[in-house]
Amino acid sequence: MSPDSPAFTIAAFHDDRTGTVSYVLADPATRQAAIIDPVLDFDLKSGRTSTIQADRLLAHLAEARLTVQWILETHAHADHLSAARYLQSHVGGRIAIGEHIREVQAVFRDLYNLERDFLPDGRPFDHLFRDGETFLIGGIQAQAVLVPGHTPACVAYHVRDGRAEGAPDAVFVGDTMFMPDVGTARADFPGGDAATLYRSIRRLLALPPATRLFVCHDYPPEGRAPAWETTVADQRAHNIHVHDGVSESAFVALRTGRDARLEVPALILPSLQINIRAGQLPPAEDNGVSYLKIPLNTLSRQ
């Protein structure tokens with residue numbers, strides 16, 4: 001590979017039903033890859049799952065002749081089900097998330113009154129990242145950066161372009177930030193905190209201005225097509241919630257005020273009992289069927 005060849009390639013896959021963007025990050029030299037935030041399709045009306053979005057990723061992996069090392073989750077999502085387990089069954093790879101997923105598992109184990117042998121110990125994820133932990137995707141240098149606030153378990157993945165001189169790094173930021181004209185994620189889920197979210201965002205915005213940022217969701221305003229790549233410089237100049245000059249106290253007031261008016265996400269109750277299991281369905285009952293629980297009168301409107 002020539003010195004001018006890219007250190008990594010990024011393929012994005014947008015799901016217009018949930019607004020989620022999944023990624024395949026690949027090292028072209030070794031053909032090793034990571035999948036980030038994959039979606040399992042779910043029809044709430046019928047209770048049926050399907051694999052349309054995940055199969056798009058499989059087709060790309062096959063066409064590019066990539067081998068999957070990692071399946072990376074940025075957090076336990078409340079707006080879509082994870083396809084991590086389905087993809088692992090087809091292409092392998094280790095499913096990973098931030099180490100504070102244990103806190104999220106503990107909260108939702110109690111909310112759903114899950115089976116007695118479900119323990120909030122990080123399983124069934126294959127790896128739990130510590131803050132600052134480094135790892136490789138082929139020859140790509142990557143680092144896990146814990147960015148709590150939206151949830152306790154949020155993690156960003158910082159990828160360094162070590163081959164191309166002067167090329168910017170890339171960071172997959174999950175829900176910590178959205179595109180600049182959308183702002184930031186809510187901070188009112190269990191364990192969320194607006195002040196903590198602000199500090200996590202400022203940590204990311206301290207990176208070099210040219211650093212590429214890839215968001216997990218886009219909910220574009222009318223007239224704009226979905227987008228998912230921005231930069232530190234763009235966010236610092238234009239993010240409607242947290243641009244330079246916005247203090248922590250001002251952000252907390254804005255974020256908590258907005259969160260108080262938001263509805264509960266449509267898929268929060270189905271998705272979290274799947275996503276705290278790394279995309280695995282609940283154990284089948286004696287009739288061979290898996291069931292999702294809907295706890296009544298437990299969540300507030302927010």
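Start by selecting strand E2, residues 20–27, and colour its two faces separately. On one side you'll find Thr20, Ser22, Val24 and Ala26, on the other Val21, Tyr23, Leu25 and Asp27, and all of them are buried (under 20% relative accessible area, with over 50% called exposed and partly exposed in between, using a 1.4 Å probe and protein chains only). That's eight of eight residues, so E2 is largely enclosed by the rest of the structure. In a regular strand, side chains alternate between the two faces of the sheet.

A quick word on what you're looking at: this is a predicted model, where local features need pLDDT of at least 70, side-chain atom pairs count only at pLDDT 80 or more, and totals for chains, interfaces and linings use all residues. Residues are numbered from 1 along each chain as its sequence is written, and side-chain values use heavy atoms, leaving out hydrogens and water. Strands (E, at least two residues) and helices (H or I, at least four) are DSSP runs, numbered from the N terminus.

Next, add E1, residues 9–15. Seven bridges join E1 to E2, and the two run antiparallel; strands count as paired if DSSP finds at least two bridges between them. Click Ala11 and look across to Val24, its bridge partner in E2. The two strands form a hairpin with four residues between them, and Gly19 in the turn has a positive phi of about 75 degrees.

Now go to the other neighbour, E3, residues 32–36. Five bridges join E2 to E3, again antiparallel, with Tyr23 partnered by Ile36. This is a hairpin too, with four residues between the strands, and Arg31 in the turn has a positive phi of about 60 degrees.

Stay on Ile36 and find Leu72 of E6 opposite. E3 and E6 (residues 67–72) are joined by five bridges and run parallel.

Zoom out to see the open sheet of six strands, in the order E1-E2-E3-E6-E8-E9, with mixed pairing. E1 and E9 (127–129) are the edge strands, each pairing on one side only.

Last stop: select helices H4 (residues 194–205) and H6 (residues 248–259). Which residues of H4 make the contact? They are Ala194, Ala195, Leu197, Tyr198, Arg199 and Ile201, meeting Glu248, Phe251, Val252, Arg255 and Thr256 of H6 (contact means heavy atoms within 4.5 Å).

Conventions
Axes fitted to C-alpha atoms, helices over the stretch in contact; angles between N-to-C directions.
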